[in-house]
Amino acid sequence: MFDIRTIQEQVIYEAVKRESDDETAKAIVYGDDGSAKSQDNASWTKSTMRRLENKFDPETTKQIRMACQCGYGMDEKLALIENLIASSSCMEEFASSEKAKVAGLFYQDGVIYLQFQFCPCPMLADVDRFETNTWCQCTTGYSKVLFEKAFGCEVDVELLKSVKMGDDVCLMTIIPHDCISAFCKGDAI
């Protein structure tokens, strides 16, 4: 059975451990006394992010959270993105098709945007609001992995808005580096 809480505990633990050590990872995921294990998901996400933010500087915290993406549904999303690339000749065409719009993509002023009308994270179903965007950085990590696989190049992703921070949508920029080859068809060379 798919247990998102267990998955999140494991990915956060591993990401923190890579930046520090086992003891710090346990303290952030479960609390100093282990009491966070009994918290409901909403309380746990908020308290875990507070512990993370109190332990690390903002950039390290962001990198840890970007490394926490769970990969849920990645194969289906990758297939969609690859299909959009195959039927496009450039970035603008890629992000302007009807399928792209349905998926939340759009292109404006040379930048690809990804937008959700609701929070896509199943861990946050009962979270009313966050004070910071720390938890949401896992979505930027997920999108980075997804688009780097699809485009075959490095991609920068920046979170601009978050529903869980009170915004009307979740919104990210997707900025690929030198991905022109993704749109070159075999016979176009």
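1. A pocket, on a 1 Å grid over the protein atoms alone, is an open set of points where a 1.4 Å probe fits, with protein on both sides within 12 Å along at least five of seven lines. Its volume is the space filled by probe spheres set on the points, which are joined across faces, edges and corners. Here the largest pocket holds about 480 Å³ of space.

2. Before you go on, note that this is a predicted model, where local features need pLDDT of at least 70, side-chain atom pairs count only at pLDDT 80 or more, and totals for chains, interfaces and linings use all residues. Residues are numbered from 1 along each chain as its sequence is written, and side-chain values use heavy atoms, with hydrogens and water left out.

3. To find the largest pocket, look for Tyr 72, Lys 77, Phe 116, Pro 120 and Tyr 142, which lie nearest its centre among 23 lining residues (lining means having an atom within 4 Å of a point). α8 gives the most to this lining, with six residues; helices are DSSP runs of H or I, at least four residues, numbered from the N terminus.

4. Now for α8 itself. Eleven of its 15 residues are buried (under 20% relative accessible area, 1.4 Å probe, protein chains only), so α8 is largely enclosed by the rest of the structure. Among the buried ones are Tyr 142, Leu 146 and Phe 147. Just after α8 comes Gly 152, with a positive phi near 70 degrees.

5. Do look at the largest cavity too (a set of points where the probe fits but cannot get out): its volume is about 90 Å³. Phe 116 and Pro 120 are among its lining residues, as are Trp 135 and Met 172.

Terms used. Helix = DSSP H or I, 4+ residues; strand = E, 2+ residues; numbered from the N terminus. Buried < 20%, exposed > 50% of the residue type's maximum accessible area, 1.4 Å probe, protein only.
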